[in-house]
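Okay, everyone, thanks for coming. I'd like to walk you through one fold today, strand by strand and then inward. Have a look at the screen while I talk.

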Amino acid sequence: MRKVAFTVAALAAAMALPTAAQAQDAVPGDGFIGVSAGYHDLGFADEIDDIAPGADVDDSSPIFGVFAGYDLPIGSNLFIGAEANYSFGTDALDSEYGAAARLGIRIPGGTKVYARAGYQEINVDYNEIINDNSIDFSGIDDTDGDYLVGLGIDIPVGKVFVRGNVDTIAFDTTRATVGVGLRF
């Protein structure tokens, strides 16, 4: 019985695939997924130094992540889109995730230059930020979120593209990433 059910499901999927491919051609715009790496400076050092002068503070972290989104054309060269991201850090930042709207221009050759705005949630690691093992940070809320604004560029290389982004969260932090993505 399982073989029959599997065979019927496989046949249905095979028959639906050309329809899905045709439907994708009818939808304007393009989706994308990719991986990124970068550096996020949280900007806590001055605030912590005001509270605890001379504290050993390291408030930045390499980040590694994924992103996915969709862009729709609005005119011959303009586009609007949405993008989601997730990254994990190795030092001061445990993880971060967010979503942003994109508005930009596609220049000849397919390069996209855009501004983006959205929301980003961060999960910091205070034990990595303040290098003092005598302090217990276990009861302190280590999450924060705020608006994100930034600029970016996607440069096509066939169906693959390379990208660069510079963002800030509430104009308190600076985050720079590069990535490689696939359009579909």
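So, Ala-68 has Ala-84 in β3 as its bridge partner. That pair belongs to a longer run: strand β2, residues 60-73, and β3 are antiparallel and share 11 bridges. Before I go on, please keep in mind that this is a predicted model.

Now look at the turn between those two strands. The β2 and β3 hairpin has 4 residues between the strands, and Gly-75 there takes a positive phi near 110°. On the other side, β3 pairs with strand β4, residues 93-106, again antiparallel and again over 11 bridges. One of the contacts to look up is Phe-79, whose bridge partner in β4 is Gly-104. The hairpin from β3 to β4 goes through 3 residues.

What does the whole thing add up to? It's a closed barrel of 8 strands, running β1-β2-β3-β4-β5-β6-β7-β8 with antiparallel pairing. From one strand to the next, the twist averages 25°. As a reminder, strands of a sheet pair through backbone hydrogen bonds, either parallel or antiparallel. Further round, strand β5 (residues 112-124) and strand β6 (residues 143-157) are antiparallel and joined by 12 bridges. If you want a landmark there, Val-113 has Ile-153 in β6 as its bridge partner.

Let me go back to β3, residues 78-89, and talk about side chains. In a regular strand the side chains alternate between the two faces of the sheet. Which residues of β3 point to the buried face? Those are Phe-79, Gly-81, Glu-83, Asn-85, Ser-87 and Gly-89. Pointing to the other face, and not buried, are Leu-78, Ile-80, Ala-82, Ala-84, Tyr-86 and Phe-88. So you'll notice that Glu-83 and Asn-85 are on the buried list, and both of them come back in a minute, when we get to the cavity.

First, the aromatics. There are 6 aromatic pairs in the model. Take Phe-32 and Phe-161: they sit edge-to-face, 6.1 Å centre to centre, with 85° between the planes. That pair links distant parts of the chain, as Phe-32 is in strand β1 (residues 30-41) and Phe-161 is in strand β7 (residues 160-169), 129 residues apart. Are these two buried or exposed? Phe-32 counts as buried because its relative accessibility is 0%. Phe-161 is buried too, because its relative accessible area is 0%.

Add Phe-67, and you have one aromatic cluster of Phe-32, Phe-67 and Phe-161. Two arginines come in over those rings. Arg-163 lies over the face of Phe-67, 4.0 Å from the ring centre. Arg-183 does likewise with Phe-161, at 4.3 Å from the ring centre.

Last stop, the empty space. Rolling a probe the size of a water molecule over the atoms shows where empty space is left. How many cavities of 30 Å³ or more are there? Just 1, and about 80 Å³ of space lies in it. Its lining includes Phe-67 and Arg-163, which you've just met, along with Ser-36, Val-66, Arg-116, Asn-165, Arg-175 and Thr-177. Which strand gives the most to that lining? That would be β3, with 3 residues. Looking at the lining by strand, β2, β3, β7 and β8 (173-183) each supply at least two residues. And from β3's buried face, Glu-83, Asn-85 and Ser-87 are in that lining.

Conventions:
Residues are numbered from 1 along each chain as its sequence is written. This is a predicted model: local features need pLDDT of at least 70, side-chain atom pairs count only at pLDDT 80 or more; totals for chains, interfaces and linings use all residues. Side-chain values use heavy atoms; hydrogens and water are left out. Two strands pair if DSSP finds at least two bridges between them. Axes are lines fitted to C-alpha atoms, for helices over the stretch in contact, and angles run from 0 to 180 degrees between N-to-C directions. Rings of Phe, Tyr and Trp (its six-membered ring) pair if their centres lie within 6.5 Å; planes under 30 degrees apart count as stacked, over 60 as edge-to-face and the rest as tilted. Buried means under 20% relative accessible area, exposed over 50%, partly exposed in between (1.4 Å probe, protein chains only). A charge sits over a ring if NZ of Lys or CZ of Arg is within 6 Å of the ring centre and within 35 degrees of the ring normal. On a 1 Å grid over the protein atoms alone, a cavity is a set of points where a 1.4 Å probe fits but cannot get out, and a pocket is an open set with protein on both sides within 12 Å along at least five of seven lines; lining residues have an atom within 4 Å of a point. Grid points are joined across faces, edges and corners, and a volume is the space filled by probe spheres set on the points.
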